[in-house]
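Please find below a short note on how the secondary-structure elements of this entry are arranged, written to be read alongside the sequence and the coordinates.

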Amino acid sequence: MNRRAFVGISLSACLATQVFVPRATAAEAQELTVFAAASLREVFQAIALTFEKQHPNLKVRFNFAGSQDLRVQIEQGAKVDVFASADWKHMKTLATQGLVSEPTVFARNLPVVVVQKDNPAKVTSFADLAKVKHLVVGAPEVPIGAYTESIFAAAERLHGKAFAEKVRANVRSHELNVRQVLTKVAMGEADAGIVYKTDALTVPDKVQIVEIPLAINVVADYPMAVLKAAPHADLARNFVRLVLSKEGERMLTSVGFNTPEAQAKK
């Protein structure tokens with residue numbers, strides 16, 4: 001075979017390869033990144049399935065963790081499209097730095113006491129936390145931990161300093177997100193813990209709920225926002241719209257969240 005024929009055959013082979021190897025389109029490579037509070041895991045995964053059906057060439061990738069950890073990652077330059085927090089503190093910190101656009105409250109939650117299913121510590125009311133041996137709560141910088149501190153402060157005003165001191169003295173660990181608190185109680189490593197109602201409802205076979213009196217309880221606001229540097233800003237706004245839609249509201253309320261009636265911004 002002479003050189004000209006060999007080059008011709010090689011060129012034909014290359015062209016054939018180019019024709020038959022499909023190229024991935026930009027749409028096929030799209031990925032929406034959502035940073036969300038740990039307590040949103042199940043419901044946001046369900047919402048993502050609906051969103052992906054609406055956008056067949058898109059994959060929603062989640063990072064579920066404590067809101068404080070997610071905020072720090074965003075501050076350090078993580079590529080994120082949407083941030084959903086379990087409180088206003090961490091969202092406002094990002095807003096002050098100009099990192100997020102127009103935060104919106106999309107859900108509300110209530111803290112509750114959880115105990116093991118068979119309740120060996122015999123906790124039947126919030127007042128019983130003064131006598132348990134092992135109470136687990138969120139760390140102060142974690143939304144559920146901050147809410148817990150507010151509840152303890154309200155209990156002190158209502159029941160006296162001695163009561164609040166007894167409850168605080170029974171705290172044996174401070175966890176970095178609400179699911180860690182729930183897990184310790186569910187596994188029998190703690191007599192009781194304080195988590196969101198929606199978290200307790202995810203493991204009804206392992207824990208039972210003891211309501212916190214409304215006089216001392218707090219309402220947890222959940223704001224969400226599109227990042228100003230979002231790689232897929234339009235899709236991010238569409239995801240937020242789905243969460244705020246009637247369908248998103250239905251999914252949120254089905255797992256125990258409350259939704260704000262008409263609050264768009266705080």
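**Notes on strand pairing and helix packing**

1. Val105 faces Pro223, a residue of strand β10, across the pairing of the two strands. The model is a predicted one, and the remarks that follow should be read with that in mind. The strand that contributes Val105's side of this pairing is β4 (residues 100-109), which is joined to β10 by seven bridges, the two strands running antiparallel.

2. Strand β10 also pairs with β3 (residues 82-84), again in antiparallel fashion, and here three bridges make the connection. Within this pairing, Phe83 has Ala225 of β10 as its bridge partner. Is β10 itself buried or exposed? Eight of the eight residues of β10 (residues 220-227) are buried, so the strand is largely enclosed by the rest of the structure.

3. An open sheet is built from five strands, which follow the order β7-β6-β8-β5-β9 and show mixed pairing. Its edges are formed by β7 (171-175) and β9 (207-210), each of which pairs on one side only. On average, and with direction ignored, neighbouring strands of this sheet are turned by 35° against each other.

4. Inside this sheet, β6 (residues 135-138) and β8 (residues 192-196) run parallel and are joined by two bridges. Val136 is placed opposite Gly193, which belongs to β8. Helix α5 (residues 143-159) packs on the sheet, where it touches β5 (111-116), β6, β7 and β8, and the direction of α5 makes about 115° with that of β8.

5. Turning to the packing of one helix on another, α2 (residues 41-54) and α9 (residues 233-244) pack at an angle of about 125°, and their axes lie 10 Å apart. Since angles from 65 to 115 degrees count as roughly perpendicular and only those over 145 as roughly antiparallel, α2 and α9 are therefore oblique to each other. The crossing in which α2 passes α9 is right-handed.

6. Which residues bring α2 and α9 together? On the α2 side they are Phe44, Ile47, Ala48, Thr50, Phe51 and Gln54, and these meet Leu235, Asn238, Phe239, Leu242 and Val243 of α9. Sorted by class, this contact of α2 with α9 comprises eight nonpolar and three polar residues, with no charged residues.

Note on methods
Residues are numbered from 1 along each chain as its sequence is written. This is a predicted model: local features need pLDDT of at least 70, side-chain atom pairs count only at pLDDT 80 or more; totals for chains, interfaces and linings use all residues. Side-chain values use heavy atoms; hydrogens and water are left out. Axes are lines fitted to C-alpha atoms, for helices over the stretch in contact, and angles run from 0 to 180 degrees between N-to-C directions. Helices (H or I, at least four residues) and strands (E, at least two) are DSSP runs, numbered from the N terminus. Angles under 35 degrees count as roughly parallel, over 145 as roughly antiparallel, 65 to 115 as roughly perpendicular and the rest as oblique. A crossing is left-handed if the near helix is turned anticlockwise from the far one by less than a right angle, and right-handed if clockwise. Contact means heavy atoms within 4.5 Å. Ala, Val, Leu, Ile, Met, Phe, Trp, Tyr, Cys and Pro count as nonpolar, Asp, Glu, Lys and Arg as charged, and the others, Gly among them, as polar. Two strands pair if DSSP finds at least two bridges between them. Buried means under 20% relative accessible area, exposed over 50%, partly exposed in between (1.4 Å probe, protein chains only).
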